[in-house]
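Trainee: I would like a close look at one part of this model, the packing between its helices. Please take one helix as the centre and work outwards from there.

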Amino acid sequence: MPLSWILLVIFAIAAAGFWFGTSRVLKSVDQNVRALHSLPSYYGGNVSMWVLVPSLGVLAFWSLAQPLFIESRIAYLLEERMSNQGVTLGLMMTEVRRVADGLDSAVTENVMTTEEARSMRVELTDIRNRLAEVGVALGANVTAPIVHAAQQYHQLSATGNMFKSITVIALALAGLGYALLRTTKDFRARNAVERGILAILLFAAMIAIMTTVGILFSLIFNTLEFFKIYSIANFFFGLEWAPSFSGRGGSSSLSVIPLLWGTFYISIIALIVAVPVGIFSAIYLSEYATPKVRAFAKPLLEILAGIPTIVYGLFALLTVGPMLVTVFGDNTVGWMSGGTAVITAGLVMGIMLIPFVSSLSDDIINAVPQSLRDGSYGLGATQSETIRQVVLPAALPGIVGAILLAASRAIGETMIVVLGAGAAARLSLNPFDAMTTVTAKIVSQLTGDSDFASPEALVAFALGTTLFVLTLALNVLALYIVRRYREQYE
């Protein structure tokens, strides 16, 4: 049964449970609502909760665990074939999933029967011909062992989906029956529903934490695998990024220092552009602008935040870069190929960050109590003196937070760097040199058909872990600064 049908059945049972729950409890008191402990809707809500929460929880867990279980079984079957053919396990699993999807399409289109799809004796040429009828083309590297594994994959998936549907629907019906048995006039339905809602809210609050922990562990495990085959000292203390994963051309030199330098260099230029413009525009909008001007200028300024980064990248590549070459001249710019340089990406990224700094700073400045301004005016200070000596110091912790948010956004930017800064990993102070960042290099390392267990893919996880730790350290430092200033002005 498809997932959409399972969800439809579960919600239909929950809706029926709500109706049965309210009807049952009202019938038990002859429609006298005052004889109930809780409102009738709480009784129906309790029944619906017992239907939805267990069934949806098992459905989510099953949907996540089933592919992992099936792939582990198929990987075990492929290990012997992999050693004989010299093909990585990840690439073989990719082909197996693709062929299995083709088998699903063929069964859906009635080109291949389920028995034929499950059979171990179907010839590879027959499968190619039958799948071609539904537009699924198999590459020349798809061999009989892969088709055999794909048939196993298809069979296990079909069996798992069948048991998943039966289990989830049975659990929903069991929850319906259990909740209806507890639905009496003396049952404290409101307390039960509120406890259930509290548990759901707690689970929702834990999702962000668990997601962060999961991301961290996934990065750490793959990073440890990388450092088993490459020196950690050379990675953190080397001065050159010159990968040679094929083994031709000498050993690889994978130092993160040139990438970090490019990341921070471009981010600093972007903040030099964004922070003054953003803060000055926030001061004008919050302290000087009339309501009509503010109502027009603030949304217009925030439009910049909605522009896709690929558009900014094209703007850097096609407009800003050639303009810099025209303004400064080839002699000054040097070998700035097509306008790709640090300053190109930094200027465009700074424009992109202006609404982040401006909008947050404007909200923070508006949150400063009016009593502080009135007290300053009462002491004879002018408006500009009040802004400099009262408003900005009081709003400084929030402004620092806005700047750090913009810095995090700059550090994680990719498309502007790829199109505007080039792809060279080097240590240089010349803003007209082409450089690259950690995020851009992660994208380039994970692009293609390489296996995630290969060194060229594992190095991307090492780069991601390094960037994660540095960003976390910056946030901790920012929190310390914010708390220090907050204590000073309170």
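Mentor: Helix H10 (residues 291-302) and H13 pack with their axes 9 Å apart, at an angle of about 140 degrees. The structure is a predicted model, and the angle is a value computed from it. H10 and H13 are oblique to each other, because an angle has to be over 145 degrees to count as roughly antiparallel. On the H10 side the contact is made by Arg294, Lys298, Leu301 and Glu302. On the H13 side these residues meet Ile354, Pro355, Ser358, Ser359, Asp362, Asp363 and Asn366.

H13 has a further partner to consider. The axes of helix H13 (residues 342-366) and helix H15 (residues 383-411) come within 9 Å, and they cross at roughly 150 degrees. H13 and H15 are therefore roughly antiparallel to each other. The crossing in which H13 passes H15 is right-handed. From H13, the residues in this contact are Met349, Met352, Leu353, Phe356, Val357, Leu360, Ser361, Ile364 and Ile365. From H15, they are Val391, Leu392, Ala395, Gly398, Ile399, Ala402, Leu405, Ala406, Arg409 and Ala410.

H15 leads on to H9. The axes of H9 and H15 come within 9 Å and cross at roughly 140 degrees. This crossing of H9 and H15 is right-handed. H9 contributes Thr263, Phe264, Ser267, Leu271, Val275, Ile279, Ile283, Glu287 and Tyr288 to the contact. H15 contributes Gln383, Ser384, Ile387, Val391, Leu392, Ile399, Ile403, Ala406, Ala407, Ala410 and Ile411. Val391, Leu392, Ile399, Ala406 and Ala410 of H15 are in the contact with H9, and these residues are also listed in the contact with H13.

One residue of H9 can be followed further. Thr263 lies in helix H9 and is buried, with a relative accessible area of 2%. Leaving out residues up to four places away in sequence, Thr263 touches Ile411, Thr436, Thr437 and Val438. Ser23 gives a contrast in exposure: Ser23 is partly exposed, at a relative accessible area of 27%. Ser23 belongs to helix H1 (residues 3-28). The C-alpha atoms of Ser23 and Ser41 are separated by 10.0 Å, and the two residues are 18 apart along the chain.

Confidence should be read alongside the packing. Among the elements of the protein, helix H9 (residues 257-288) has the highest mean pLDDT, 91, and helix H4 (residues 114-118) the lowest, 48. Over residues 106-114 pLDDT stays under 50, and the model has 17 contacts beyond four places in sequence for them. Over residues 116-124 pLDDT also stays under 50, with 20 such contacts in the model. The average pLDDT of the protein is 79, and 78% of the residues score at least 70.

As for the whole, the protein has 18 helices and two strands. Of its 490 residues, 39% are buried. Among contacts with a separation of 6 or more, 71% are between residues 24 or more positions apart. The protein exposes about 26600 Å², of which carbon and sulfur atoms supply 66%.

Terms used:
Residues are numbered from 1 along each chain as its sequence is written. This is a predicted model: local features need pLDDT of at least 70, side-chain atom pairs count only at pLDDT 80 or more; totals for chains, interfaces and linings use all residues. Side-chain values use heavy atoms; hydrogens and water are left out. Helices (H or I, at least four residues) and strands (E, at least two) are DSSP runs, numbered from the N terminus. Buried means under 20% relative accessible area, exposed over 50%, partly exposed in between (1.4 Å probe, protein chains only). Contact means heavy atoms within 4.5 Å. Accessible areas come from the Shrake-Rupley method with a 1.4 Å probe; for residues, only the protein chains shown count as cover. pLDDT is the predictor's confidence in each residue, from 0 to 100. Axes are lines fitted to C-alpha atoms, for helices over the stretch in contact, and angles run from 0 to 180 degrees between N-to-C directions. Angles under 35 degrees count as roughly parallel, over 145 as roughly antiparallel, 65 to 115 as roughly perpendicular and the rest as oblique. A crossing is left-handed if the near helix is turned anticlockwise from the far one by less than a right angle, and right-handed if clockwise.
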